[in-house]
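Here's a quick tour for anyone meeting this structure for the first time. Have a look at it below, and then we'll walk through a few spots.

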Amino acid sequence: MQPCQASREFRRIALLLTDLENQFYPHVIAPMHRELETLDYQLVLQTESSDTGRVAERLLANGLDGVLLATTTVDSVLP
């Protein structure tokens, strides 16, 4: 997806998760996806794994307008 020429917006918001098995996330992801879709945004799911040094790099490389952090670990490298 190319950014809009006038505003340089990508129309993508990332949701960073740490635990895909957490039963809380299905209750959040679907409504978030629907709401972003009504606003003409894409929801991009990203997981934080043990390769924590590269998470920020991957997020920045994806051409995003914003990132929602939904970490469930106290030792996450992302604040």
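## A charge over a ring

Let's start with a neat little pairing: Arg11 sits over the face of Tyr41, 3.9 Å from the centre of the ring. Keep in mind that this is a predicted model. As for rings meeting rings, the structure has one aromatic pair.

## The main core

Now for the inside. In soluble globular proteins, nonpolar side chains tend to be buried together. Here, the largest nonpolar core is made of nine residues: Ile13, Leu15, Leu17, Tyr25, Ile29, Met32, Leu36, Leu43 and Ala70. Strand β1 (12–17) and helix α1 (25–38) each put in at least two of them, and α1 gives the largest share, with four residues.

Ile29 is a good one to click on. Skipping its neighbours within four places in sequence, Ile29 is in contact with Leu15, Leu17, Leu43 and Leu45. There's also another core, apart from the largest one, with five residues, including Ala14, Leu16, Val55 and Leu64.

## A closer look at Leu17

Leu17 belongs to strand β1. Is Leu17 buried or exposed? Leu17 counts as buried because its relative accessibility is 2%, and the cut-off for buried is under 20%.

So who does it touch? Again skipping neighbours within four places in sequence, Leu17 is in contact with Tyr25, Ile29, Leu45, Gln46, Thr47, Glu48 and Ala70. Take Glu48 from that list: Leu17 and Glu48 are 31 residues apart in sequence, yet their C-alpha atoms are 6.1 Å apart in space.

Note on methods
Residues numbered from 1 in each chain as written. Predicted model: local features only at pLDDT ≥ 70, side-chain atom pairs only at ≥ 80, totals over all residues. Heavy atoms only, no water. Core = buried A, V, L, I, M, F, W, Y, C linked by side-chain atoms within 4.5 Å. Buried < 20%, exposed > 50% of the residue type's maximum accessible area, 1.4 Å probe, protein only. Helix = DSSP H or I, 4+ residues; strand = E, 2+ residues; numbered from the N terminus. Contact = heavy atoms within 4.5 Å. Phe/Tyr/Trp six-rings, centres within 6.5 Å; stacked < 30°, edge-to-face > 60°. Lys NZ or Arg CZ within 6 Å of the ring centre and 35° of its normal.
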